Amino acid sequence: MALYNIKVNGSQHQVDVDPDTPLLWVLRDTLDLVGTKFGCGVAQCGACTVHMDGNAVRACSMPIAVVGDKEITTIEGLSKDGDHPVQKAWLDHDVPQCGYCQAGQIMSAASLLAQNSNPSDAEIRRAMNGNICRCGTYTRINRAIKSAAKEM
């Protein structure tokens, strides 16, 4: 075990975990931030996507030892009231079905739009590649991202 000081959703936390503990389990088990989901465990499905200094990363394969002083944002920290333009667009376009992948999808989309406020269809496909939706809501996801882009 080792002590790590991490900044999550704007707050400092001290956690005592093994250095190779994935960030996902620190968020879920130690900090009780369960919005970030476990999917495949090998960074292939995107269910565990969070932001590290604003960039979308997979928390399931990110050891806590490499987080350092980078700021982590989870779906709980994206907005206080769930009113981030991407979250609103998700509801407006009825994106969620089973909902399991949605936190990761939203975090990837929010990262894309923070870096590119007017992405092309190809840029959306490239940014969202690796976020898998077993319900197949990709058409609605793309429409929601385009809609959110107009609000940002």
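Good morning. A strand, as I shall use the word, is a DSSP run of type E with at least two residues, and strands are numbered from the N terminus. Helices are numbered in that way too, and a helix is a DSSP run of type H or I with at least four residues. The model before us is a predicted one.

Let me begin with N9. This residue lies in the loop between strand 1 and strand 2. Strand 1 covers residues 2-8 and strand 2 covers residues 11-17. The two run antiparallel and are joined by seven bridges. Together they form a hairpin with two residues between the strands. Within that turn, N9 has a phi near 55°, which is a positive value in a residue other than glycine. Is N9 buried, partly exposed or exposed? With a relative accessible area of 25%, N9 is partly exposed, because the partly exposed class runs between 20% and 50%.

Along this hairpin, Y4 stands opposite V15 in strand 2. Another residue of strand 2 is Q14. Its relative accessible area is 54%, so Q14 counts as exposed, the cut-off being over 50%. If we leave aside its neighbours within four places in sequence, Q14 is in contact with L3, Y4 and N5. How far is Q14 from C40, computed between C-alpha atoms in the model? The separation is 27 Å, for two residues that are 26 apart along the chain.

I turn now to a second hairpin. Strand 3, residues 49-52, pairs with strand 4, residues 55-58, in the antiparallel sense over four bridges. Here too the hairpin has two residues between its strands, and D53 in the turn has a positive phi of about 50°. The bridge partner of V50 in strand 4 is V57.

In a regular strand the side chains alternate between the two faces of the sheet. Which residues lie on each side of strand 3? T49 and H51 are on one side, V50 and M52 are on the other, and all of them are buried. Both faces of strand 3 are thus covered.

Strand 3 has a further partner. It pairs with strand 5, residues 71-73, in the antiparallel sense over two bridges, and H51 stands opposite T73. Strand 5 is also joined to strand 1 by two bridges, and that pair runs parallel. In this pair, V8 has I72 of strand 5 as its bridge partner.

We may now assemble the sheet. The five strands make an open sheet in the order 2-1-5-3-4, with mixed pairing. Which strands stand at the edges? They are strand 2 and strand 4; each has a single partner strand, so one side of each is left without a neighbour in the sheet. On average, neighbouring strands are turned by 45° against each other, direction ignored.

Two helices pack on this sheet. Helix 1 touches strand 1, strand 2, strand 3 and strand 5, and its direction makes about 105° with that of strand 2. Helix 4 touches strand 3, strand 4 and strand 5, and its direction makes about 35° with that of strand 3.

Between helix 1 and strand 3 there is a loop that holds D32. D32 has a positive phi of about 60° although it is not a glycine. It is exposed, with a relative accessible area of 59%.

Next, the helices. Two packed helices are described by the angle between their axes and the distance between the axes. For helix 3, residues 85-92, and helix 4, residues 102-115, the axes come within 9 Å and cross at roughly 125°. That makes helix 3 oblique to helix 4. The crossing is right-handed. On the side of helix 3, V86, Q87 and W90 take part; on the side of helix 4, they meet Q102, Q105, I106, A109, A110 and L113. These residues divide into six nonpolar, three polar and no charged.

My last residue is T137, in the loop between helix 5 and helix 6. Is T137 buried or exposed? It is buried, with a relative accessible area of 2%, because buried means under 20%. Beyond its neighbours within four places in sequence, T137 is in contact with V95, Q97 and Q102. T137 and P96 are 41 residues apart in sequence, yet their C-alpha atoms are 7.5 Å apart in space. Thank you for your attention.

Conventions
Residues numbered from 1 in each chain as written. Predicted model: local features only at pLDDT ≥ 70, side-chain atom pairs only at ≥ 80, totals over all residues. Heavy atoms only, no water. Axes fitted to C-alpha atoms, helices over the stretch in contact; angles between N-to-C directions. Parallel < 35°, antiparallel > 145°, perpendicular 65-115°, else oblique. Left-handed = near helix turned anticlockwise from the far one by under 90°. Contact = heavy atoms within 4.5 Å. Nonpolar A, V, L, I, M, F, W, Y, C, P; charged D, E, K, R; others polar. Pairing = 2+ DSSP bridges. Buried < 20%, exposed > 50% of the residue type's maximum accessible area, 1.4 Å probe, protein only.
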